[in-house]
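Welcome! Take a look at the sequence and the 3D structure below, then work through two short exercises.

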Amino acid sequence: MVKKNACIFISGQGSNLKSLIENSRIYNFPIKISLVVSNNQNAKGILYAKKNYIPYLIVKTKKRNFEHIILKKIKEHKISLICLAGYMKVLSKNFINSCKNKIVNIHPSLLPKFKGLNTYKRILVNKECKTGCSVHFVNEKLDGGKIINQKIFFIDEKDNIQSLREKTQKLERRTYAEAIIKIYRYN
Ligand code: GRF
């Protein structure tokens, strides 16, 4: 099958990037990771790009035209899907409109609940009995686009921020892979 070119945006650990690289090696997984973008030169995730010979771009997000630099690379690599995976910089309206319906994100909560940062702490303070993760299309509203895939688990009374993070991130791998399969299922 002809795989679509995808680009993964990271800022940190890159565990979702690692898992997407692994999935992309499966014969009928719809995407190939053709580019990795990081706004943090120390992001551990860059090592996965290097190890797998995937071209990567480190952008200085303080530069005024940094999004133009990314857009240029995205065109060069004929990218048809941008997967945000722990990318900690908010994208401009202009960037989002230039890549309409091509950008997806993973968020560690059951959206529309707990949009934004400090998710695990807020979930615990709110005494939620369940949580999970969501993959959604990116629009101009923070964590507000259409949900593509979601997975749930029940919170144990012994859970803390660290254990919630571990359980959520474990679930994220499958949630992201399934979301990408869903996106291309009817295309
Ligand atoms: C993930 O938990 C994701 O939900 C959030 O940032 C984290 C990134 O983790 N948006 P990693 O860099 O993929 O390990």
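Two exercises with worked solutions follow, one on aromatic rings and one on the ligand.

This is a predicted model, in which local features need pLDDT of at least 70, side-chain atom pairs count only at pLDDT 80 or more, and totals for chains, interfaces and linings use all residues. Residues are numbered from 1 along each chain as its sequence is written, and side-chain values use heavy atoms, with hydrogens and water left out.

**Exercise 1.** Work out how the rings of Phe9 and Tyr87 are arranged.

*Solution.*
- Step 1: Rings of Phe, Tyr and Trp (its six-membered ring) pair if their centres lie within 6.5 Å; planes under 30 degrees apart are stacked, over 60 edge-to-face, and the rest tilted.
- Step 2: The whole structure holds two aromatic pairs.
- Step 3: The centres of Phe9 and Tyr87 are 5.1 Å apart and their planes stand at 70°, so this pair is edge-to-face.
- Step 4: Phe9 is buried (under 20% relative accessible area, 1.4 Å probe, protein chains only) at 0%, and Tyr87 is buried too, at 8%.
- Step 5: Phe9, Tyr87 and Phe95 form one aromatic cluster.

**Exercise 2.** Find polar contacts (N or O atoms within 3.5 Å) between the ligand and Asn16, Ile106 and Glu172.

*Solution.*
- Step 1: For Asn16, a backbone N or O atom lies 2.9 Å from a ligand oxygen atom.
- Step 2: For Ile106, a polar backbone atom is 3.1 Å from a ligand nitrogen atom.
- Step 3: For Glu172, a side-chain N or O atom is 2.4 Å from an oxygen atom of the ligand.

Notes
Buried < 20%, exposed > 50% of the residue type's maximum accessible area, 1.4 Å probe, protein only. Polar contact = N/O pair within 3.5 Å; in protein donor to acceptor, adjacent residues only side chain to side chain.
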